[in-house]
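Let's take a walk through the inside of a protein together. Please have a look at the sequence and the structure below before reading on.

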Amino acid sequence: RTTPTPPPSPTSSPASTAGGASPPPDAPKKPVVVKVDEEGLKERIAALPVPSGNYDSIRMVGDKVYYLRAAGPDDPEAEGFPRARRALYLWSMKDRKETELGRFDAYDISFNGKRMLLKEKKDYSLIDLPSAKIDLKPENKLAIAGLDVRVDHHAEWKQIYNECWRQMRDFFYDPSMHGVDWKAMQAKYAALLPWVNHRNDLTYLVAEMISELNIGHAYVGGGERPEVPRLRMGLLGAEYERDPATKAYKITRILRGENWNERTRAPLTEIGLNVKEGEYILAVNGRPVNQLVNLQEALIGTVGKQVSLRVSSKPTDDASARDVVVVPIGDEGPLYYYAWVQHNIDYVSKKTGGKVGYLHIPDMGVPGLNEFAKYYYPQTRKKALVVDVRGNGGGNVSPQIIERLRRELVMVNIARNSIPNTNPGAMIYGPLVTLMDEFSASDGDIFPYRFKTLKMGKLIGKRSWGGVVGIRNALPLADGGTLNRPEFAPYNRDGSGWVIEGHGVDPDIVVDNDPAKEFKGEDQQLDRAIAEILKDLEANPKELPPVPPYPKKDK
């Protein structure tokens, strides 16, 4: 609640002013003073009765509230739409009613509250402030095709360089800048600014300057750089070798995936294809492969498009040959990752007689949480667990995962015709070990540090990356580029010093995989994890207690 201070009452009416003249136009205006009544402020907060969702760009004009919302689970509009669906809405305080104004990516309202600028993909439109569903007219669309701006790139690059220096000065977690004379660094690298003639030159120069701070997560990039068109290479999710005599391609391995998931779709395993390892590819879209320099030559630009393959059990085109239609993918990485995880789960299970589970967490973000949920809960009946954070790309969810792994038994539940279950549920009632390596980074560093500090089990592998001074969203630069400033750092719980940054986390047991053995499929780190966890199981076997006698209440 705000109370503007009213202007003082006039001492005379306009009619009584000498000659009826108005005050001179250049007379100074008294400032409007706004007072905020702080007492009871939180009791005056009111919630709008609107569905849950992701809200942003909230603006209020008079008794109308404008906002963008992406549909949430409680939104009646959400059914049939992805969660990223965004629309512009109006809430009328007077009518207590919500109105969807239309689908737009962004909007802004003029300072006087009378006009609205709308953005829809690459188009901009200007309209009067709406109070009902928007019906754009051709005259509303702004003609910006010829709106060109001449940019002095050297002046812009100088401004961006100085802005990056200032942002580091003002946001870097250590006010003493790690003891670096930051003013001197500005002058040192600014001497090269006159020779910057490309955005890549500027990025390199800024990177060299901020590298003087000797810190992780200090990234610079983006900006106005020429984009080179890329033709995506179609991939079949398979490995093959060429027959020296016929030049046909023998399929030696078909990667398996999850064909209901577009990210891990394996083209040659689609329903009805029945393509098998050991068969040959003879032609692609009618082009015999013996006329190609390489099979991939015929798959350029085919990602997501139907491609015809001539397949046969023999390297020659005979009566057994057939044509199948596949849709190539653009990235086989997820298929190789899926195959690696599945192999490790099976390998650990076989080596331990089914007693020990395995899960890999690729990062500490949404993908990592998805992998954790996907593989952790089905294995909670195992007697022990190998947690693998090798190559973990970081994020911020390590506390959540650690909390779940630390669950401790309080009681045991049992239902009729069932078996005893831990309470709390979804826990591993047994030992844990963690695998780590030099590519366990950021929150992938912090996870093993938490694991070790809380004495949850042994760390096995190699010392982690050592970069944990965190970053927030980057502030924009003039040309759309970005600078990440390391802004918050951890120190240990007794306050005696900073942790992890620049060193990493040391494993309890150092194991360095031999590259030649790893290439052939031998994972020495995983083998050591299995050996150690079996020792732990033998030294401290943990079983749920038997069901006690049921109570007798008839006496």
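What follows is a short tour of this model's interior.

Keep in mind as we go that this is a predicted model. A good place to start is the largest nonpolar core, which has 44 residues. Within this core, Val 386, Leu 405 and Phe 447 touch the most other members. Helix H9, spanning residues 524-539, contributes the most to the core, with five residues. There is also a second, separate core, made of 25 residues, with Met 177, Tyr 189, Val 196 and Met 209 among them. In soluble globular proteins, nonpolar side chains tend to be buried together.

Now zoom in on Val 386. Leaving aside residues up to four places away in sequence, Val 386 touches, among others, Val 356, Leu 435, Leu 526 and Ile 533.

Let's follow that last contact to Ile 533, which sits in helix H9. Is Ile 533 buried or exposed? Ile 533 counts as buried because its relative accessible area is 0%, and buried means under 20%. Again not counting residues up to four places away in sequence, the residues touching Ile 533 include Ala 384, Leu 385, Pro 431 and Leu 432. Gly 457 is 76 residues from Ile 533 in sequence, yet their C-alpha atoms are 9.2 Å apart in space.

Our last stop is helix H7, residues 443-453. Its buried residues include Ile 446, Phe 447, Pro 448 and Phe 451. Among the elements covering the buried residues of H7 are helix H6 (398-405) and the strands S18 (384-388), S21 (432-436) and S22 (457-461). After H7 comes Lys 455, which has a positive phi, near 55°.

Methods
Residues numbered from 1 in each chain as written. Predicted model: local features only at pLDDT ≥ 70, side-chain atom pairs only at ≥ 80, totals over all residues. Heavy atoms only, no water. Core = buried A, V, L, I, M, F, W, Y, C linked by side-chain atoms within 4.5 Å. Buried < 20%, exposed > 50% of the residue type's maximum accessible area, 1.4 Å probe, protein only. Helix = DSSP H or I, 4+ residues; strand = E, 2+ residues; numbered from the N terminus. Contact = heavy atoms within 4.5 Å.
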